[in-house]
Amino acid sequence: MKFGVIVFPGSNCDHDLIYVLSEILGNDVVELWHKDKDLKGVDFVMVPGGFSYGDYLRSGAIARFSPVMESVIDHCNQGGYAMGICNGFQILCEAGLLPGTLLHNTQHKFICKNLYLKPATRSTIVTSSLDSDRVLKIPVAHGEGRYYAPDDILRQLNENQQVIFRYCDQEGHFNSKANPNGSLENIAGVTNAGKNVFGMMPHPERAADKLLGNEDGKLIFKSILNSFVGA
Amino acid sequence: METAEQQGTTVQQAKDLGLLESEFEKIKEILGRTPNFTELSIFSIMWSEHCSYKNSIKWLKTLPKKGDHLLVEAGEENAGLVDIGNGLACAFKIESHNHPSAIEPYQGAATGVGGINRDIFTMGARPIAQLNSLRFGPIQNEHTKWLLRGVVKGIGDYGNAFGIPVLGGEVFFDESYSTNPLVNAMSVGIVDVNKTISATSSGVGNPVYIVGSSTGKDGINGASFASKDITDESADDLPSVQVGDPFQEKLLLEATLELAETDAVVGMQDMGAAGITCSTSEMSADGGFGMKIHLDKVPTRQEGMLPFEILLSESQERMLVVVHKGKEQIVEDIFEKWDLNAVEIGEVTDGGQLEYFMNGEMVATVPAHDLVLGGGAPVYDREYREPAYFAENLKFDIDSVPEPDDYPATAMKLIGLPNIASKRWVYEQYDTMVGTRNITTNGPSDAGIAMIKGSGKGIAMTVDCNARYVHNDPKTGTSIAVAEAARNIVCAGGEPSAITNCLNFGNPYNPEAYWQFVMAIKGMSEACEKFNTPVTGGNVSFYNQTVKEGSEAVPVFPTPTIGMIGLVNDLSQSMTLNFKTKGDLIFLIGESVEDISASEYLHTIKGVKRSPAPHFDIDREFQVQAATLEMVKSGHVNAAHDIADGGLFTCLVEMGIYAGLGFDITADASVRLDSFLFGEGQSRIVVTLDPAKEDDFIEAMAKTKVPFTLLGHVTRGKMMIDDSHFGFIDDASEIYSNSLERIIDSSVSS
Amino acid sequence: MEFIAHIDIMPLDALLDPQGKAVSSSMKNLGLEEITNVRIGKHITLQVSASSKDEAEARVDDACKRLLANQIMEKYRFELEETASV
């Protein structure tokens, strides 16, 4: 299948994502330049991490108005797949493609370390092949990752199984100690009502290479690929 | 205003700009007339300590610079280049940003990171890793906490957004750094050897471009400022602060690397200290050409900037590019793509003269050669004298220090001291993983290792300097800094290849401070020769001193920070430091000595400040490293960790915390137990191995003729020494991992 | 007397404001080319009790100098609004 990875000025996880999707997982991957509206016929749009436009004003706020985002919004509204990781998640929230928003970490500090998470539902292509009891070790690296949504939206997310990942401890328990940034209900990733747009703060592409000593993130990409093979 | 600038200047003006009377005379001689103010400010900044190295170059020239793998030697380009095979080279350099960080820690540290990365990518290399070496006053002080928080956030915010991971670093606290923190930042990049960009200008008629950010009034006189004593008053020196823009830097990086793929560029130089002045003169002097520069064409952020302001501005994220005539469009298109300024401001001329124009009128004309280091810049021979404290240190007698009454309590206290405890609070604020090259995230090691994707190789890197050792004995202490860096590389499975240095010292006009500098250079030379690690470049920062109200300035501990890289030829042979399995055997390579000199234990727990550097024998050190590398590469051992700050006990705790494993060891009865556990005698490395490999290991070690002993074995969690219970690793881990955070955050909660 | 202080803190004119600069250039994408020179600062409100307006001014000025503004990087100005005492 064909992936497109958006390159905004200030993206810095774009190459990492391309490396995993093409070199490690053997897919067709094209770069999508922020000034172009053409999505080059990709099946799946990836919005990478980084600091698009320096993350000035608010993370993702300026990137959301890039020419390429108009096409991404159309693509998603027509049921096309897209996934944002870290800054990509923030951009998709700013663009209104995902519910909720990401606030400054409660500690008001950037945090980068390995964390643990578990899928919260298997009803999406990102999580369908994952083992619901298996704890995944995936790193985070963000200053604004505290997931927040108003009560009514949060209720909807839970009712529709739109929470895709929650932070847990190494043993798989959800508790406040395992929550790195103060996210509501330990939420690490969500999907939209149509379950075709996804966002997560942790970086699976940083845990998908045997040489890095951690391949848990690869399982997430494989879940996506498996769903497409099955479709 | 214009007329005032055009007039001849006086010796008083020269002095105000930081020049000596003799230097003013020399300038008049060079020009054959009295310089105008613009010209005088050009000389003042180019002849400042920061740009000219006038008080250090004599000694820097004695450092070993030759090496088998060096493609570019020190001083030839912005940074050294080491051949790493596969058609690739590694560019790396370390630089200080101490004085700006003392005033405004956040921006000072951020622009330090920006500057050192520009040095690397100006050469066409993509930075792949950063390291930093930080020093502050006692962490309990509120002022220190303010500095630390600002510096760490500045490094993090800039580096994280720029997108280059931090792979290593050190943080050290001592009284001497109270008002003068040290912020040393290192960047490591890789480049295709055929695509490097030179910092030399040539070709009469070739256009000269300024690219990147607009020029503002920020940082004017910054370089001169950096060379002056700093006291509390300088907080009012507003224009010395520069603001970093990591977003702009990221765009500049991508545009520059695209430019490196073309054949449009003659040469390129980043603008750091002294801005346009420095880049135009250094690029020109290198090739023996001149330049005609139209300052009115430089994009400025503010209206009405004067010629000298444009020339001296240290606005960040700018570069000077000399382009092959006829290929201007290629360059302009690339910068347009990345939404960056690229403006032609002049051209290369014959004859070596720099001519600066404003609205068609010449405002300054100076010979490039006479401005630069290695050209006409002054070189001084400074007086030095051994300070009285040194002889006092040598009188230290271990018998004057009683052994602790309670060893387990002392051990637990030691691992919670700010200089020993984990620096997690600091490094978790840095992105350590972006770029997906850092193999030490999940495999902790004595050195950071960045893999070179697709080659099976990696670059090991480290920054090291125990400044207390250097203070106590500058020559031996600096040799140890080089040796420790090499030891860290070796423990990670790498072969040391070269170093960069950041020499942080006091006032060079103080003969005792200068003695520390001279001795440090001698110690560094000796060790670099021994370990075959030439010096590829770096920087010197003088005038680092802590000024307290009503007393004389006290120099900081002399701190020659060593940044070393090494090659890991086969990543499958790289080594981690953590205990693997209960029952594994623990061996010591090297030998225990009766020595607690300069240790954290002696200094902080026993409160004894006067002692020499720790025991160090450079030949033994070399043998220990060679033997360890052999054991690592042959797969005889499954973990290796050097004994450094905090001694053996700290070393074992650091190995145990990852998997919650303890140790059961027997002490060496021939030395005092505090020497054995807490002493920092050099040339000792702890390794562990599967008991099934014991015979092979012993046989292989016996052949090396390097002393080694069986210390004991890895336990499930208990820490036992000579059958005494020292507690559990989980408790040690709690103290080691969280002590620093508790101290730093203590004021917030109380 | 009770006052509310409305404090504006802005980056010094001589210094680069990277945030404002990035926002300025994105105005073009929104079709708002007329908008240039965006500079971004902070607005702070706080309550202060004092015996006179002059005293309140001195207290707020002190707060700005010592904590709220980083005078190496930022300038500030404020206005006081008298409110009914509680």
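Of the 86 residues in chain C, 22% are buried in this predicted model. The chain contains three strands and two helices, and these alternate along the sequence in the order β-α-β-α-β. For a chain of 86 residues the globule rule gives 12 Å, yet the radius of gyration of chain C is 17 Å, well over that value, so the chain is more spread out than a compact globule. Taken along the principal axes, the box filled by its C-alpha atoms comes to roughly 50 × 30 × 15 Å. Even so, contacts across the sequence are well represented: among those in chain C with a separation of 6 or more, 71% join residues 24 or more positions apart.

Turning to chain B, a helix offers a view of burial at the level of single residues. Helix α4 of chain B spans residues 37-46, and because ten of its ten residues are buried, the helix is largely enclosed by the rest of the structure. The buried set runs from B:Phe37, B:Thr38, B:Glu39 and B:Leu40 through B:Ser41, B:Ile42 and B:Phe43 to B:Ser44, B:Ile45 and B:Met46. Both B:Glu39 and B:Phe43 are thus found in this buried list.

A word on confidence is useful for anyone inspecting chain B. Its mean pLDDT is 93, with 96% of the residues reaching 70 or more. Residues 222-238 of chain B, however, have a pLDDT below 50, although the model gives this stretch 41 contacts beyond near neighbours in sequence. Where pLDDT is low, predicted coordinates should not be read in detail.

How values were computed:
Residues are numbered from 1 along each chain as its sequence is written. Chains are lettered from A and ligands numbered from 1 in the order in which they are written. This is a predicted model: local features need pLDDT of at least 70, side-chain atom pairs count only at pLDDT 80 or more; totals for chains, interfaces and linings use all residues. pLDDT is the predictor's confidence in each residue, from 0 to 100. Two residues are in contact if their C-beta atoms, placed from the backbone, lie within 7 Å. A residue is buried if 20 or more other C-beta atoms lie within 10 Å of its own, exposed if 12 or fewer, and partly exposed in between; C-beta atoms are placed from the backbone. Helices (H or I, at least four residues) and strands (E, at least two) are DSSP runs, numbered from the N terminus. The radius of gyration is taken over C-alpha atoms; the globule rule is 2.2 Å times the number of residues to the power 0.38.
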